[in-house]
2 protein chains.
Amino acid sequence: MSIAEPITCCAPLDQPALSAAEAVATAELFKALGDPARVRIVNCLATANEPVCICDLNGPLGLAQPTVSHHMKKLVDAGLVEREQRGKWAFFSLKRDAVETLAAVADLKGACC
Amino acid sequence: MSIAEPITCCAPLDQPALSAAEAVATAELFKALGDPARVRIVNCLATANEPVCICDLNGPLGLAQPTVSHHMKKLVDAGLVEREQRGKWAFFSLKRDAVETLAAVADLKGACC
DNA sequence: TCGATATATTGACGGATGTCGATATGTCTA
DNA sequence: TAGACATATCGACATCCGTCAATATATCGA
């Protein structure tokens with residue numbers, strides 16, 4: 001929306017490198033990890049070298065089964081996690097490229113320093 | 001709270017590396033960047049090599065002055081940004097070490113790959 | 001096909017969050 | 001000291017989010 005605008009006070013900033021749409025997308029990615037339960041889920045998936053059954057997450061997280069299912073959906077929607085059906089069970093694994101993207105953004109895309 | 005619990009189905013997970021408190025702290029950090037306005041603010045601070053006056057942010061963001069002030073407080077509270085008073089104006093700058101911490105966490109603390 | 005089990009969806013609830021207008025606080029200048 | 005200006009705080013509002021119980025859907029085994 002209103003990006004351009006004359007700036008008179010202090011030192012003028014360069015046009016922000018991120019567009020409004022990019023900022024929304026970036027925020028969505030960070031928001032996906034903005035909950036302790038999802039941080040721990042991602043941590044579990046990261047430390048495991050194989051896809052993890054969701055049934056292994058229900059207990060340790062101390063959350064009800066629908067709540068865990070809700071968090072997994074959020075992570076999948078954010079593109080951080082992949083879902084795989086194995087018979088009766090649902091297995092989830094980390095999407096390495098998405099995590100690398102997240103780390104790159106957190107590193108401010110090299111603009112920092 | 002309830003971390004330990006016998007797991008029978010599928011492949012048992014190792015004890016999560018992150019404690020509950022660590023997960024909360026990590027989530028707080030990510031939550032600070034879970035809003036488009038704050039992403040753009042951090043981007044501005046990152047692309048600028050000097051502290052930035054908050055008056056330069058009010059216009060380009062298209063938000064009311066109290067709202068920008070609110071976001072700056074969130075970023076300061078999260079430890080990502082530092083506030084500095086210069087006479088009548090408030091200048092903000094990125095805390096490089098905090099950003100590096102965030103990038104390291106996003107990189108899953110080296111546990112990934 | 002039927003029952004058992006695993007997971008997802010729905011609906012509801014309380015609390016957190018982003019936003020703004022109005023106002024307060026703080027700092028410079030005359 | 002008084003007025004002007006920059007920023008922060010307050011109060012209110014709508015919306016979003018995490019959580020759970022209840023229920024639906026899907027898959028396996030008998």
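## Where DNA strand C meets the protein

In this predicted model, three elements each supply at least two residues of the surface near DNA strand C: α4 and β3 (89–94) of chain A, together with α4 (65–77) of chain B. Helices (H or I, at least four residues) and strands (E, at least two) are DSSP runs, numbered from the N terminus. With five residues, α4(B) gives the most to this surface. A residue is near a molecule or strand if one of its heavy atoms lies within 4 Å of it. There are 24 residues around DNA strand C, and those that come nearest are A:Gln65, A:Arg83, B:Arg38, B:Thr67 and B:His71. Of the atoms of DNA strand C that come within 4 Å of the protein, 72% are accounted for by sugar and phosphate.

Some polar contacts can be picked out here; such a contact is a pair of N or O atoms within 3.5 Å (within protein, one must be able to donate a hydrogen and the other to accept it, and residues adjacent in sequence count only if both atoms are side-chain atoms). The side chain of A:Arg83 has an N or O atom 2.4 Å from a phosphate oxygen of DNA strand C. For the side chain of B:Thr67, the distance from an N or O atom to a phosphate oxygen of this strand is 2.7 Å. A:Lys88 takes part through a polar backbone atom, 3.5 Å from a sugar or linking oxygen of DNA strand C. By class, the surface near DNA strand C has ten nonpolar, six polar and eight charged residues. Here Ala, Val, Leu, Ile, Met, Phe, Trp, Tyr, Cys and Pro count as nonpolar, Asp, Glu, Lys and Arg as charged, and the others, Gly among them, as polar.

## Where DNA strand D meets the protein

Now let's turn to DNA strand D. The elements that each supply at least two residues of the surface near DNA strand D are α4 of chain A, together with α4 and β3 (89–94) of chain B. The largest share, five residues, comes from α4(A). Around DNA strand D there are 24 residues, of which A:Arg38, A:His71, B:Gln65, B:Ser69 and B:Arg83 come nearest. Sugar or phosphate holds 74% of the atoms of DNA strand D within 4 Å of the protein, and the rest belong to bases.

Phosphate oxygens of DNA strand D have polar partners in both chains. One lies 2.7 Å from an N or O atom in the side chain of A:Arg38, and one lies 2.9 Å from a polar backbone atom of A:Ala64. In chain B, a polar side-chain atom of B:Ser69 is 2.7 Å from a phosphate oxygen of DNA strand D. The surface near this strand divides into ten nonpolar, six polar and eight charged residues.

## Inside chain A

Helix α2 (residues 36–47) of chain A packs against helix α4 (residues 65–77) of chain A at an angle of about 70 degrees, their axes 10 Å apart. Axes are lines fitted to C-alpha atoms, for helices over the stretch in contact, and angles run from 0 to 180 degrees between N-to-C directions. The two helices are therefore roughly perpendicular to each other (angles of 65 to 115 degrees; under 35 counts as roughly parallel, over 145 as roughly antiparallel and the rest as oblique). Where they meet, α2(A) brings A:Ala37, A:Arg38, A:Ile41 and A:Val42, while α4(A) brings A:His71, A:Met72, A:Lys74 and A:Leu75; contact means heavy atoms within 4.5 Å.

Chain A also has an open, antiparallel sheet of three strands in the order β1-β3-β2. Two strands pair if DSSP finds at least two bridges between them. β1 (52–53) and β2 (81–86) of chain A stand at the edges with a single partner strand each, so one side of each is left without a neighbour in the sheet. Six bridges link β2(A) and β3(A), and A:Val81 has A:Leu94 in β3(A) as its bridge partner. α2(A) lies across β1, β2 and β3 of chain A, at about 85 degrees to β3(A), whereas α4(A) lies across β2 and β3 of chain A, at about 120 degrees to β2(A).

## Inside chain B

In chain B, the axes of helix α2 (residues 36–47) and α4(B) come within 10 Å and cross at roughly 70 degrees. That makes α2(B) roughly perpendicular to α4(B). Their contact has five nonpolar, one polar and two charged residues.

The sheet of chain B is open and antiparallel, with its three strands in the order β1-β3-β2. β2(B) and β3(B) are joined by six bridges, and B:Phe91 in β3(B) is the bridge partner of B:Glu84.

## Reading the model

Residues are numbered from 1 along each chain as its sequence is written, while chains are lettered from A and ligands numbered from 1 in the order in which they are written. Local features need pLDDT of at least 70, side-chain atom pairs count only at pLDDT 80 or more, and totals for chains, interfaces and linings use all residues, while side-chain values use heavy atoms, leaving out hydrogens and water.
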